[in-house]
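Trainee: I would like to learn how to read a chain like this one. Where should we start?

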Amino acid sequence: MTDYGTPFNYYGPTRLVFGRGVTAGAGALVAGLGVRSVLLVCGSGATRRSAGFAALAASLEAAGVRATVFDKVTPDPHAALVAEAADAARSGSLEAVVAYGGGSPIDCAKSAALAAANGGPILDYVRGKATPSRPALPIVAVTTTAGTGSEMSSAAVTTDLASGQKLGYTNESFFPRIAIVDPENHTSMPTGVTAATGMDALTHAVESYLSLAANPLSDAVNLRVVAMIARSLTRAYRDGADLEARSGMAIASAMAGVAFSQTGLGMVHGFAHPVGARHGIAHGQANAVILPYVMAALARDAAPRMRDLAAAMGACPSDADPRSGAASLVQAIVDLKKGLGVPEGLSGVGISASDGPTLLTDAIGYRSRPRSPRAFSDAELGRLLDSAIAGDLEAAAAL
Ligand SMILES: [Fe+2]
C-alpha cells in the first residue's frame with residue numbers, strides 16, 4: 001500500500017521523443033548532444049535491413065555524425081559480446097552509443113557504453129567486484145519493440161555464460177540521454193515478438209505497481225500503462241499494421257520503464273531470468289507464462305492493489321471487493337495470454353519439474369525479491385515455481 005507520507009526519490013533524465021516518423025530527426029538529436037561519432041548497435045536480422053534502420057543511418061549521416069555499425073547483437077547479450085562492442089567503441093574513439101532494436105541491443109549498448117568508458121569486463125561491475133569511476137558514454141535508444149522499457153530505464157541485463165545466469169545491473173548513467181520511440185519502426189514486429197514483448201511491458205507495470213517501493217508517481221504511470229495495454233496489445237497482435245495500437249504499446253512500454261526504474265520489479269522477473277538464461281526462452285514469453293501464477297499467490301497479501309490493476313484494465317468495477325477484484329486480474333491475464341497464443345505453463349515451453357531446483361536457486365537470489373508484496377519463503381517459491389511449470393493455477397492460489 002502506498003503511504004502518501006513515505007519518502008521516495010524520482011529521477012528520470014531521459015528525453016523521450018515519441019511519434020510516427022521521428023526517426024528521421026534522430027541524427028539532429030544525436031548531434032545536439034555534441035557528439036560527432038557513434039557506435040550504432042543492432043542485431044544482424046530483419047531490423048538491420050529495415051526501413052527504420054536505413055532512416056536512422058541516413059539521418060545520422062545528414063547531421064554529420066559518423067556511425068560505426070556493430071550488428072552482432074544476439075538475444076540475451078552475453079559478456080563477451082559486450083566486450084566486443086566496447087572494444088569497437090574504444091578503438092574507434094567513438095563518443096556515444098546508439099542502439100536500434102529491442103531490449104537486447106539496448107542493454108548491450110548500455111553495458112558496452114559503460115565498459116568502453118571504464119575498461120574492464122562488464123561482469124566485474126555487474127557482480128559488484130569493481131565500481132565504475134566514469135559514467136557510461138552517452139546512450140541513445142531507438143526502439144523497434146514495445147516491451148523492454150530499457151529505453152527509459154537505468155537497468156541493463158547481461159548474460160553470464162559461465163554461470164548460466166542473467167544478471168540485472170543498474171547505473172544512473174544507463175538512463176539513455178534520448179529515447180526515440182517511433183511506432184512506424186514497430187510495425188514489422190512478428191506476432192510472436194509482439195505478444196512476448198507486450199506481455200513483458202504488462203509485467204513491468206504490474207510488478208512495479210505491486211512493489212513495496214511503489215510511490216504515487218509510479219502508481220499513476222502504471223495504472224495508465226495497464227489500461228493502454230489492455231486496449232492495445234491484442235489489436236497490435238492481430239494486425240501489426242494497426243498504427244494506433246502500435247502507438248499505444250510503444251508509449252506504454254516506455255512509460256512502464258519510467259515506473260519500474262523507480263520501484264524495481266518482482267518475482268515474475270525473478271523466475272523469468274533463470275528460465276531465459278538456462279533454457280533460452282524469450283524474456284517476454286517467460287514473463288507471459290509465469291505472470292498469472294505469481295499473481296494468484298500474491299492475492300493473499302496484495303488484493304486491494306491487484307483489484308486496482310484489474311479495474312484499470314476494465315476487468316472489474318473500481319469498487320469491487322478486493323479478493324474478487326484480485327481474482328479478476330488473474331483471469332484477465334489468463335484470457336489475454338490465451339488470446340496471444342501463450343502456453344499455459346512452463347511445461348509448454350519445454351521445462352520439466354526436474355529443472356525446478358536449478359531455476360529456484362537462481363530465483364531465490366533475485367535482487368528485487370525483498371520488494372515483493374508477499375515475503376515468500378524459499379519453500380513457497382519452490383511450490384510456486386512447480387505450479388507455474390505444471391500450469392496449475394489452483395495450486396498457486398492455495399499457497
Ligand atoms: Fe522485463
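Mentor: We go from the overall fold to domains, then helices, then single residues. Keep in mind that this is a predicted model.

Trainee: How many helices and strands does the chain have?

Mentor: The secondary structure comes to 14 helices and 8 strands. Along the principal axes, the C-alpha atoms fill a box of roughly 60 × 45 × 45 Å.

Trainee: What radius of gyration would a compact globule have with 399 residues, and what does the chain have?

Mentor: The globule would be near 21 Å and the chain has 20 Å, so the two agree. Buried residues make up 55% of the 399 residues. Of the contacts with a separation of 6 or more, 77% are between residues 24 or more positions apart.

Trainee: Which domains is the chain divided into?

Mentor: Domain 1 covers 15-186 and domain 2 covers 194-397. Their C-alpha centres lie 26 Å apart. The contact takes 28 residues from domain 1 and 28 residues from domain 2.

Trainee: Which elements give two or more residues to the side of domain 1 that touches domain 2?

Mentor: They are strands S1 (15-18), S6 (155-160), S7 (165-170) and S8 (178-181). The largest share, 3 residues, comes from S7. By class, that side of domain 1 has 9 nonpolar, 15 polar and 4 charged residues.

Trainee: Now helices. What span should helix H7 have, and what do its end C-alpha atoms give?

Mentor: Begin with the general idea: an α-helix has 3.6 residues a turn, so residues three or four places apart point the same way. For the length, use 1.5 Å a residue: the 23 residues of H7 (residues 216-238) should span 33 Å, and the end C-alpha atoms are 34 Å apart, which agrees. H7 also has a kink of about 35 degrees, centred on Ser232.

Trainee: What do the buried residues of H7 pack against?

Mentor: They pack against helices H6 (191-210), H8 (243-263), H10 (283-312) and H11 (322-339). Among the buried residues of H7 are Ser218, Val221, Asn222, Val225 and Ser232.

Trainee: How does H11 compare with its expected span?

Mentor: The 18 residues of H11 should span 26 Å at 1.5 Å a residue, and the end C-alpha atoms are 26 Å apart, which agrees. Its buried residues include Gly325, Leu329 and Leu336. What covers the buried residues of H11 includes H7 and H10. After H11 comes Gly341, with a positive phi near 75 degrees.

Trainee: Take a single residue, Leu309. Is Leu309 buried or exposed?

Mentor: Count C-beta neighbours inside 10 Å; 20 or more makes a residue buried. Leu309 has 29, so it counts as buried. Leu309 is found in helix H10. Leaving aside neighbours within four places in sequence, Leu309 is in contact with Val206, Tyr209, Val226 and Leu329.

Trainee: Last, what is the phi of Asp76 and of Ser93?

Mentor: Most residues other than glycine have a negative phi. Asp76 is not a glycine, yet has a positive phi of about 55 degrees. Ser93 is not a glycine either, and has a positive phi of about 50 degrees.

Trainee: Where do they sit, and is each one buried or exposed?

Mentor: Asp76 is in the loop between strand S3 (66-73) and helix H3 (79-91). With 22 C-beta neighbours inside 10 Å, Asp76 counts as buried. Ser93 lies in the loop between H3 and strand S4 (96-101). Ser93 is exposed, with 8 other C-beta atoms within 10 Å.

Methods: Residues numbered from 1 in each chain as written. Predicted model: local features only at pLDDT ≥ 70, side-chain atom pairs only at ≥ 80, totals over all residues. Domains from an automatic or database assignment. Contact = placed C-beta atoms within 7 Å. Helix = DSSP H or I, 4+ residues; strand = E, 2+ residues; numbered from the N terminus. Nonpolar A, V, L, I, M, F, W, Y, C, P; charged D, E, K, R; others polar. Expected span 1.5 Å × (residues − 1). Bend = angle between axes of the 7 residues up to and from the residue. Buried ≥ 20, exposed ≤ 12 C-beta atoms within 10 Å, placed from the backbone. Rg over C-alpha atoms; globule rule 2.2 N^0.38 Å.
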